[in-house]
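Q: Please take a close look at one buried or exposed residue here and its surroundings. Which one is up to you.

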Amino acid sequence: MQIAVSGGKGGTGKSTVAVNLAIALRKLGAQLTMTDLDVEAPNDHLLLGVELANEEPVMQFMPRFDYSKCTRCRKCAEACEEHAIITLKDGTPFLMPNLCSGCRACEIVCPVPGAILEGQRLIGHTYLTPTPQGFTLVTGVLKEGEERSMPLVVAAKKRALKVHREGVLLIDTAAGTGNVVSKAVEFSNLLIAVTEPTPLGIHDTELILELGRLMNIPTWVVINRADLGERGKVYELAKKYGAEVVAEIPYSENIVRSYVSGRPIALTDYPEARIFEELAGKVLSFLGGGE
């Protein structure tokens, strides 16, 4: 069973909710694999207080030209939607690597076998890290300066699925509602949208609720810092989309301290830990009912 934790805007506490939910699920005896697919700014390992381990490179296709075979037909440049291939007046092609998406369209349309060769470039790494809480964390980290995160999201999710054996696969997505988020939540049995009751938070929550509806994924809402804004509007929005508000997390100095210390609140005796235990119980009830 797959659960995705997401949220429209950044800074709503999405990763905090995901990490503490993972710990609470383990405390209730659930088997769990977690993956951090916010590859441009992964921080679940920081919240868990662990060092990333078992690094694997992620390579992407990049064309290389054999100019002894190239006929200068320009078909590769015409097929490249990213405009990563430019040509000289005589049709000689050149590649701008940072624009290449690795789609292989150039290779497909090239009429001369062997004129375009297999090349690769490093776009990032995935990591497989055991945690003291008894579950595995799979993390994707995009290479600095790399503009395309989708291939790394795909690679990290693939690695997570490879090691995941049973129980819950818990996915922490990037912020927003772009293609990397939709890819991350794809095939999920449940989507948990983390929001805050601010104008921007509410606006972006509607986007993630719309995404859940379009992808036909049951969606829950968790309101973080619930006492600092107009939480009633979040309930109205959830009702509009047929979503359920399942938890409210108050602004708490205890949570801030746990965040800074790298010790998740779910591992403490603070009252706020109970919120995540109750949320984990609801998740397990939902997944059990879904089976």
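What follows is a close look at Asn 224, with the chain as background.

A: This is a predicted model, in which local features need pLDDT of at least 70, side-chain atom pairs count only at pLDDT 80 or more, and totals for chains, interfaces and linings use all residues. Residues are numbered from 1 along each chain as its sequence is written, and side-chain values use heavy atoms, with hydrogens and water left out.

Start with Asn 224. Strand E10, residues 219-224, holds this residue. Strands are DSSP runs of E, at least two residues, and helices are runs of H or I, at least four, numbered from the N terminus. Asn 224 counts as buried because its relative accessibility is 10%, and buried means under 20% relative accessible area (exposed is over 50%, partly exposed in between; 1.4 Å probe, protein chains only).

Its side chain has a polar atom 2.8 Å from the backbone oxygen of Thr 12. Thr 12 is also among the contacts of Asn 224 beyond four places in sequence. The others are Gly 13, Val 194, Thr 195, Glu 196, Pro 197 and Ile 249. Contact here means heavy atoms within 4.5 Å.

Now the chain. There are 10 helices and 11 strands. Of its 291 residues, 51% count as buried. Contacts with a separation of 6 or more are 75% between residues 24 or more positions apart. Along the principal axes, the C-alpha atoms fill a box of roughly 70 × 40 × 35 Å.

How values were computed
A polar contact is a pair of N or O atoms within 3.5 Å; within protein, one must be able to donate a hydrogen and the other to accept it, and residues adjacent in sequence count only if both atoms are side-chain atoms.
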